[in-house]
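Q: I have a structure in front of me and would like to learn how to read its features one at a time. Could you take me through it?

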Amino acid sequence: MKPIEPARRIRDLPKYLFAEIDRKKKEVASRGVDIISLGIGDPDQPTPPHIVEALRDAARNPVNHRYPDYEGSLPLRTAVGKWYKDRFGVAVDPATEVVVLIGSKEGIAHLPHAYADRGDWVLVPDPGYPVYGIMSAMIGAQVHRMPLCEERAFLPDLGAIPGEIAASAKIMFLNYPNNPTGASAPREFFEEALAFCRERGILLALDCAYSEIHFGHDVYRSIFDLPGAREHAVEFHSLSKTYNMTGWRVGFAVGGAAVIDAMLKVKTNLDSGVFGAVQDAAVAALSGDQSCVERTRAIFAARRQRVAQALTRMGFRFRTPEGAFYFWVRVPEGRTSAQFCMQMLEKAGVVVTPGTGFGPSGEGYFRISLTCPDDRLDEALGRMQKFLA
Ligand code: MLT
């Protein structure tokens, strides 16, 4: 008998960070430990009722029981266009400049298929969402990590990208408000990044999953009000974090018609779109009363303050996040990120994410997610304090 072997690209593929953390969490929980997760960024609050009700009604509509449109329903793409206009003052053509995604992760993961060939360079932030680099490497592209360090306010130094890599790069991924550091980026940085990409024929892929979760003054503005952005950039949005809809799997990308068309070529061959009822509910989310988003921000703002105070009391070094719902915290001296997080899990029953899960520049850090109910968050902070003592 000859054993079957998975493809080399699968053998070489690292396990998905949060699936691995889940596995470890379950292992420790099976020993009877009460686990509190400050790991994955999965909002604990329910989806607002008007969105759930829209899904309930839409699920009864037989039109939604058939294949959805590949590019997303016209009502949802139109709602995206209106949301862009209201939120950013930017006009978007729903017919050609929007594609609905099975969560922004799907579009991000498939973008390298559309824009990078084997051997091409893809530029990714380090630390950064693991999907950018892993899914680029999976199709044989080379990954260049752009370090985000505290001294540069977690903005990459574009001038430090080696000339030959910059010249043959195809995609640059950026993400602000930033996961995992909580940093935001000033407008001038986006201008610099766009000019860099335009000069070299690079597609600037902006992961805007946290665009609505902000606490400071640098509220995200769409890149599409900068000249030339439409041909060289694409923005990925998710309803997951904005409307507490991680489980629903719905997001969208906005870009020039040529970029959306290239993404659709991949997508139509690969999946059959988002369940129509979920798309109808997404219309309710984007077009409905946005005060639910303000309430979500207020909840995270209060937790942010609580966690900042507790971390300061415990003597941790960190920058209070300007956006997203994560704290990026220095690991105490003498331990690696992985050791520290493992000890926190084993000894305190608290899940935090090791910085190295986001890339080598994450060594020396761990990430706390604020997506945990208030009482459990307090309990976790108390346990952390005891663990450190
Ligand atoms: C995170 O915690 O970084 C994200 O929620 C993970 C994900 O979107 O898969």
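Q: Let me begin with a single residue: is N244 buried or exposed?
A: Please keep in mind that this is a predicted model. Burial is judged here from relative accessibility, with the word buried kept for values under 20%. N244 has a relative accessibility of 9%, so N244 counts as buried. As for its place in the chain, N244 lies in the loop between β7 (233-238) and β8 (251-255).

Q: What is the phi of N244, and how should I read such a value?
A: Most residues other than glycine have a negative phi. N244 departs from that pattern, because most residues other than glycine are on the negative side, while N244 has a positive phi of about 55° although it is not a glycine.

Q: Which other residue has a positive phi although it is not a glycine, and where is that residue found?
A: A153 also has a positive phi of about 55° without being a glycine, and A153 is found in the loop between β4 (142-147) and α7 (163-167). In contrast to N244, which counts as buried, A153 counts as partly exposed because its relative accessibility is 29%.

Q: Where in the chain is a peptide bond cis?
A: The general idea is that most peptide bonds are trans. In this model the bond from D126 to P127 is cis, with omega near 10°, and the bond from Y176 to P177 is cis as well, with omega near -10°. P127 is found in the loop between β3 (121-126) and α6 (130-138), whereas the place of P177 is in the loop between β5 (169-175) and α8 (187-200).

Q: Into which domains is the protein divided?
A: There are domain 1 (8-46 + 291-388) and domain 2 (49-287), and the way the bounds of domain 1 are written shows that it takes in two stretches of the chain. The C-alpha centres of domain 1 and domain 2 lie 25 Å apart. The contact between them takes 37 residues from domain 1 and 35 residues from domain 2.

Q: How much space lies in the largest pocket, and which residues are closest to its centre?
A: Rolling a probe the size of a water molecule over the atoms shows where empty space is left. In this model about 380 Å³ of space lies in the largest pocket. Of the 20 residues that line the largest pocket, those closest to its centre are Y16, G41, Y129, K241 and R249. Helix α5 (residues 104-115) gives the most to this lining, with 3 residues, and the lining as a whole divides into 8 nonpolar, 6 polar and 6 charged residues. Domain 1 and domain 2 each supply at least three residues to the lining of the largest pocket.

Q: Where does the second largest pocket lie with respect to the two domains?
A: Both domain 1 and domain 2 give residues to the lining of the second largest pocket, so it lies between them. About 290 Å³ of space lies in the second largest pocket. Its lining has 17 residues, and the closest to its centre are P14, P130, I134, R145 and G357. The elements that give two or more residues to this lining are α2 (17-29), β3 and α6, and α6 gives the most, with 4 residues. By kind, the lining of the second largest pocket divides into 10 nonpolar, 4 polar and 3 charged residues.

Q: How many cavities are there, and what lines the largest cavity?
A: A cavity differs from a pocket in that a probe fits inside but cannot get out. The count comes to 3 cavities of 30 Å³ or more, and the largest cavity has a volume of about 50 Å³. Among the residues that line the largest cavity are W83, C208, H237, Y243 and F252. The lining of the largest cavity divides into 7 nonpolar and 4 polar residues, with no charged residue.

Q: In what order do the strands of the open sheet stand?
A: The 3 strands are in the order β9-β12-β11, and the pairing is antiparallel. β9 (326-330) and β11 (353-354) stand at the edges with a single partner strand each, so one side of each is left without a neighbour in the sheet. β11 pairs with strand β12 (residues 365-369) over 2 bridges, and P354 stands opposite F366 in β12.

Notes
Residues numbered from 1 in each chain as written. Predicted model: local features only at pLDDT ≥ 70, side-chain atom pairs only at ≥ 80, totals over all residues. Heavy atoms only, no water. Buried < 20%, exposed > 50% of the residue type's maximum accessible area, 1.4 Å probe, protein only. 1 Å grid on protein atoms, 1.4 Å probe; cavity = no way out; pocket = protein on both sides within 12 Å on 5 of 7 lines; lining within 4 Å. Points joined across faces, edges and corners; volume = space filled by probe spheres on them. Nonpolar A, V, L, I, M, F, W, Y, C, P; charged D, E, K, R; others polar. Domains from an automatic or database assignment. Pairing = 2+ DSSP bridges. Contact = heavy atoms within 4.5 Å.
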